Amino acid sequence: MPVPDRIERTLELAHPPAQVWAALTTAEGLGGWFGSHAEVDDLRPGGEVRVRWDDQGEFTLWIQVVEPPRRFAYTWAIEGLPAGDPRRTYVEFTLEPTGTGTRVTVVESGFAQLPDQLAGAYESNVNGWRTELAELAGYLDAAP
């Protein structure tokens, strides 16, 4: 069975788009929920973000889209491929204001390019987004 191409999740947050945007695009925000530490070199298309998880190491996010405060996208390496492999997945966050806060949709696509033996990378990211988005909500809820 081929690997599905995309993961899509939607999350309703009781926080304004500007606050959610900061959690997605600043070193402090990303380090608070998406990994244990983050560095944002330059928040622009072509810029890079490095995110480190204490138990998994460091990952680079290559920024593709920056449209504050509604759209942020990056590519990143696919777990299980050799270092330097050019294949990446594309992750896009879309923020929509609601009457009670912000609706965040995250889509990660590009898994169909994987060989069947790397189907586990897709499943790992399905579970990863479930965990990470819960951590995003917790991070925002704990913010002053």
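**Exercise 1. Decide whether His 15 is buried or exposed, and find its surroundings.**

Step 1: His 15 has a relative accessible area of 10%. Buried means under 20% relative accessible area, exposed over 50%, and partly exposed in between, with a 1.4 Å probe and protein chains only. His 15 is therefore buried.

Step 2: Place the residue in this predicted model. His 15 sits in the loop between strand E1 (6–13) and helix H1 (17–25). Helices (H or I, at least four residues) and strands (E, at least two) are DSSP runs, numbered from the N terminus.

Step 3: List the partners. Not counting residues up to four places away in sequence, His 15 touches Val 20, Thr 100, Gly 101, Thr 102, Leu 140 and Asp 141; contact means heavy atoms within 4.5 Å.

A word on conventions: residues are numbered from 1 along each chain as its sequence is written, and side-chain values use heavy atoms, with hydrogens and water left out. Because the model is predicted, local features need pLDDT of at least 70 and side-chain atom pairs count only at pLDDT 80 or more, while totals for chains, interfaces and linings use all residues.

**Exercise 2. Work out the accessibility class of Glu 8 and of Val 40.**

Step 1: Glu 8 belongs to strand E1. Its relative accessible area is 41%, so Glu 8 is partly exposed. Leaving out residues up to four places away in sequence, Glu 8 touches Thr 105, Val 106 and Val 107.

Step 2: Val 40 is part of strand E2 (residues 37–40). With 25% relative accessibility, Val 40 is partly exposed. Beyond its neighbours within four places in sequence, Val 40 has contacts that include Thr 25, Leu 30 and Val 49.

Step 3: Check a distance. Val 40 and Glu 28 are twelve residues apart in sequence, and their C-alpha atoms are 9.3 Å apart.

**Exercise 3. Find which residues of the largest nonpolar core touch the most other members.**

Step 1: A nonpolar core is a set of buried Ala, Val, Leu, Ile, Met, Phe, Trp, Tyr and Cys residues joined through side-chain atoms within 4.5 Å.

Step 2: The largest core holds 38 residues, and Phe 34, Tyr 74, Phe 93, Trp 129 and Leu 136 touch the most other members. Helix H3 (residues 119–142) gives the most to this core, with eight residues.

Step 3: Look at Leu 136. Apart from residues up to four places away in sequence, Leu 136 touches Leu 11, Leu 13, Ala 23, Leu 24 and Trp 33.

**Exercise 4. Describe the lining of the largest pocket.**

Step 1: On a 1 Å grid over the protein atoms alone, a pocket is an open set of points where a 1.4 Å probe fits, with protein on both sides within 12 Å along at least five of seven lines; lining residues have an atom within 4 Å of a point.

Step 2: The lining has 18 residues, and Gln 56, Trp 76, Glu 79, Ser 124 and Asn 125 lie nearest the centre of the pocket. H3 supplies the largest share, seven residues.

Step 3: By class, nine lining residues are nonpolar, six polar and three charged. Here Ala, Val, Leu, Ile, Met, Phe, Trp, Tyr, Cys and Pro count as nonpolar, Asp, Glu, Lys and Arg as charged, and the others, Gly among them, as polar.

**Exercise 5. Locate the cis peptide bond between Pro 68 and Pro 69.**

Step 1: The bond from Pro 68 to Pro 69 is cis, with omega near -15°.

Step 2: Pro 69 lies in the loop between strand E4 (57–67) and strand E5 (71–77).
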